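The following exercises concern helix packing, sheet topology and burial. Please work through each task with the model at hand before reading its solution.

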Amino acid sequence: MTANSRPAPIDRAELERVLDPESTGTMLPRAAYVDPAVLAWERDLVFGHGWVCAGRSDDLAETGMQQAMTVGDEGVLLVRGKDGILRGFSNACRHRAHELLPSGPATKGKAIVCPYHAWVYDFDGSLRGIPPLHREDVPDKTLLSLNSVRIEEWQGFVMVNLSGDAKPLAEHFFGLDEIFDRYSCGSLSVAASHSYELETNWKLIVENYHECFHCSNIHPELCRVSSPLSGDSMMGRGSWIGGSMDLIDGNETMSLDGRSHGVPIASVPPERLTDVIYLQVTPNLLVSLHPDYVMTHRMEPVTASRTKVECQWLFPKEAFDLPGFDPAYAVDFWDLTNRQDWTACESVQRGVTTRSFIPGPFSSFHEIVVAGFTRQLAHAYLEGQPLQPVPFDPTVEHDRRLQLRGSDLQGSEEGSRA
């Protein structure tokens, strides 16, 4: 803990139970899921000082494309400049702080224009124009450029760091480029999007995503194409975490009939065509890598008990070139699976809200990655900092089936996801 750290408003003793090295791990304390003060802390420290995904850059490819969104608890405006660079700004006019654009789909313009008093900005954020009756009151326009927000484009995603003080993205994502390059993530395009709004805390969505212990109970369709007992846990030396599952012999991908109606991603090695990898790469971005498509879940906490989720399905160009290509085979499978998960997550939210809730022990066989995630959060809560790499020591891991294959995925440690 540093002199400037600000621990989360959660009882320290409860957090230390999550981190008990003699235990298999537990869920976080009740306050982490229901207390608005904890969400406010997360918006400031986890979302505000760390890297957060603002979406794909597909819709912002052309000069003049603009999109406003909420990141953490602040409005951010993304703009593609004439030089091809995507820039981020605080979504507030330097005159009277009116939003420059409402949050929503991307739009295109010849400049950035405030709808309140018509101040005009160039795509690089510089103040270009002021209404005639106001010009003499602004002797130096160079002092009133839009306030910049730190952003980077990575693998086709737009990453935002509101505070500007996060570790370099390459350090945060250490080891991930090798995996994402294997799936050509930077060149994939969005074929479909679904939006959901759940009555649950964002972290319960993540916890559900990180295990398939529940799959045999609520996902019969998924279990027909992939065994819940398959795969590896993946805990990177960067600030990401996840795992994999294997397709059952005879299945080509995750779909209701196990068939792919697209094409394999050309860069995926033949020996990886039976893998599906599930990764949490920022607090709000979950990425599921399939042999023929990539699915993403991007979360936006609304309240402590409500979360918006944008789900997108990305495909290679070769799939779009197929006659009559329809991504429904992937979309329908995961929309069904998502809704099964959402029902479970909302039920857990109602459960943690009860006054008698006390976290129980995780399974040392099935919930290794969930334990890694809750420990990651517990450390952040205690230290008053953004999410750091998951503490991982194979000599004390409770899953005795752990098999490291560090040479297979550089920068990550792997063990049984099951």
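The exercises below treat a predicted model, and each is followed by a worked solution.

**Exercise 1. Helix packing**

Task: Describe how helix H6 (residues 202-209) and helix H11 (residues 368-383) pack, and classify the residues of their contact.

Solution:
- Begin with the geometry. The two helix axes come within 8 Å and cross at roughly 145°.
- Then assign the handedness: H6 passes H11 in a right-handed crossing.
- Next, list the contributors. H6 supplies Trp202, Lys203, Val206 and Glu207, while H11 supplies Val370, Phe373, Thr374, Leu377 and Tyr381.
- Finally, sort these residues by character: six are nonpolar, one is polar and two are charged.

**Exercise 2. Burial of H6**

Task: Determine which residues of H6 are buried, taking buried to mean under 20% relative accessible area.

Solution:
- Apply the cut-off along the helix. Trp202, Lys203, Leu204, Ile205, Val206, Glu207, Asn208 and Tyr209 are buried.
- Draw the conclusion: because eight of the eight residues of H6 are buried, the helix is largely enclosed by the rest of the structure.

**Exercise 3. The environment of strand E15**

Task: Establish how strand E15 (residues 285-289) is covered and how it pairs with strand E14 (residues 275-282) and with strand E16 (residues 294-303).

Solution:
- Consider burial: five of the five residues of E15 are buried, and the strand is mostly covered.
- Separate the two faces. In a regular strand the side chains alternate between the two faces of the sheet. In E15, Leu285, Val287 and Leu289 lie on one side and Leu286 and Ser288 on the other, and both faces are covered.
- Turn to the pairing with E14, which is antiparallel over five bridges. Within this pair, Ile277 stands opposite Leu289, and two residues separate the strands in a hairpin.
- Repeat for E16. Five bridges join it to E15, again in an antiparallel arrangement; His297 is the bridge partner of Leu286, and the hairpin here runs through four residues.

**Exercise 4. Two open sheets**

Task: Give the strand order and edge strands of the sheet of seven strands and of the sheet of three strands.

Solution:
- For seven strands, the order is E1-E10-E9-E4-E3-E2-E5, and the pairing is antiparallel.
- Strand E1 (52-56) and strand E5 (107-108) are the edges, each pairing on one side only.
- Inspect one pair in this sheet: strand E9 (residues 148-154) and strand E10 (residues 157-161) run antiparallel and are joined by five bridges. Ile151 stands opposite Val160 in E10.
- For three strands, the order is E6-E7-E8, with antiparallel pairing.
- Strand E6 (112-113) and strand E8 (127-129) each have a single partner strand, so one side of each is left without a neighbour in the sheet.
- E6 and strand E7 (residues 120-121) pair over two bridges, and Ile112 has Tyr121 in E7 as its bridge partner.

**Exercise 5. Nonpolar cores**

Task: Identify the residues of the largest nonpolar core that touch the most other members, and list the contacts of Trp334.

Solution:
- The largest core has 75 residues; Leu78, Met254, Tyr293, Trp313, Trp334 and Tyr381 touch the most other members.
- Take Trp334 in turn. Leaving aside residues up to four places away in sequence, it touches Leu222, Met254, Tyr278, His290, Tyr293, Met295 and Trp313.
- A second, separate core holds 26 residues, including Phe157, Leu188, Val281 and Leu285.
- Relate the core to the first exercise: Tyr381 of the largest core also takes part in the contact of H11 with H6.

Conventions: Residues numbered from 1 in each chain as written. Predicted model: local features only at pLDDT ≥ 70, side-chain atom pairs only at ≥ 80, totals over all residues. Heavy atoms only, no water. Axes fitted to C-alpha atoms, helices over the stretch in contact; angles between N-to-C directions. Left-handed = near helix turned anticlockwise from the far one by under 90°. Contact = heavy atoms within 4.5 Å. Nonpolar A, V, L, I, M, F, W, Y, C, P; charged D, E, K, R; others polar. Core = buried A, V, L, I, M, F, W, Y, C linked by side-chain atoms within 4.5 Å. Buried < 20%, exposed > 50% of the residue type's maximum accessible area, 1.4 Å probe, protein only. Pairing = 2+ DSSP bridges.
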